[in-house]
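Dear colleague,

Please find below the structure for your review. My findings follow directly after it.

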Amino acid sequence: HRLPMLVAHLADAECIVVFDNCEHLGPEVADLAVRLLEECHDVRVVVTSQRPLGILGEMRWLLPLMDTSRDDDLSDAERLFHERALVEDRSSWREEDVAALCEGLDGLPLALELAAALTRSLSPREILDRLGDRFDLLAADHPTSPRHHRTLAATIEWSHSLLSEPAATLL
């Protein structure tokens, strides 16, 4: 019911509209994207989803896991972990612990983000030592985080719920 107002607002705008995490919205996002693209000529739409929208002209990019192999001094996963770490003094960190942690988290960006948030109270070695209980360990404590992003278990459970029965069985 607010779509006409949005289209009117963006009709003469030159912008990019981002719809994030849209697996659960399916055809609704596709319809909205088509309408925006048809009626707002200088608007571009970016949709993040595990499923394609299936609209004419859609371009898809599959995003790989973060690379955990080193090509120079740090892997992509290690760089992300360092960027997101919430501690100033890293002098006690051993880089081999950071590398092992990133490898243990399979280069999953969400897992790396959650692990980096733990650096307020745990070193990379301590996080690595607790990875056996990763579903409880890697929990986002920020109240504004989407419920399905607060723990790895919640993310996997939410993703599982979006799958068809054969795909869910395979997972």
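The structure, which is a predicted model, holds one aromatic pair. Its partners are F81 and W93, whose rings lie 5.7 Å apart centre to centre with 45 degrees between the planes, a tilted arrangement. The pair links distant parts of the chain, with F81 in helix α3 and W93 twelve residues away in the loop between α3 and α4. Neither ring belongs to an exposed residue: F81 has a relative accessible area of 0% and is buried, and W93 is buried as well, at 11%.

F81 also leads to the nonpolar interior. The largest nonpolar core comprises 18 residues, and F81 is among those with the most contacts inside it, together with L101, C102, L105, L112, A115 and I127. Two or more residues of this core come from each of α3 (76–84), α4 (95–104), α5 (109–117) and α6 (124–129). The largest share, four residues, is supplied by α5. A second, separate core has eleven residues, including V7, L10, L36 and V43.

Helix α4 merits a closer look. Its buried residues are D97, V98, L101 and C102. Why do they lie on the same side of α4? They do so because they cover an arc of only 135 degrees around the axis. The cover over the buried residues of α4 includes α3, α5 and α6. Just after α4, D106 adopts a positive phi of about 55 degrees.

Yours sincerely

Key:
Residues numbered from 1 in each chain as written. Predicted model: local features only at pLDDT ≥ 70, side-chain atom pairs only at ≥ 80, totals over all residues. Heavy atoms only, no water. Core = buried A, V, L, I, M, F, W, Y, C linked by side-chain atoms within 4.5 Å. Buried < 20%, exposed > 50% of the residue type's maximum accessible area, 1.4 Å probe, protein only. Phe/Tyr/Trp six-rings, centres within 6.5 Å; stacked < 30°, edge-to-face > 60°. Arc of directions from axis to C-beta. Contact = heavy atoms within 4.5 Å.
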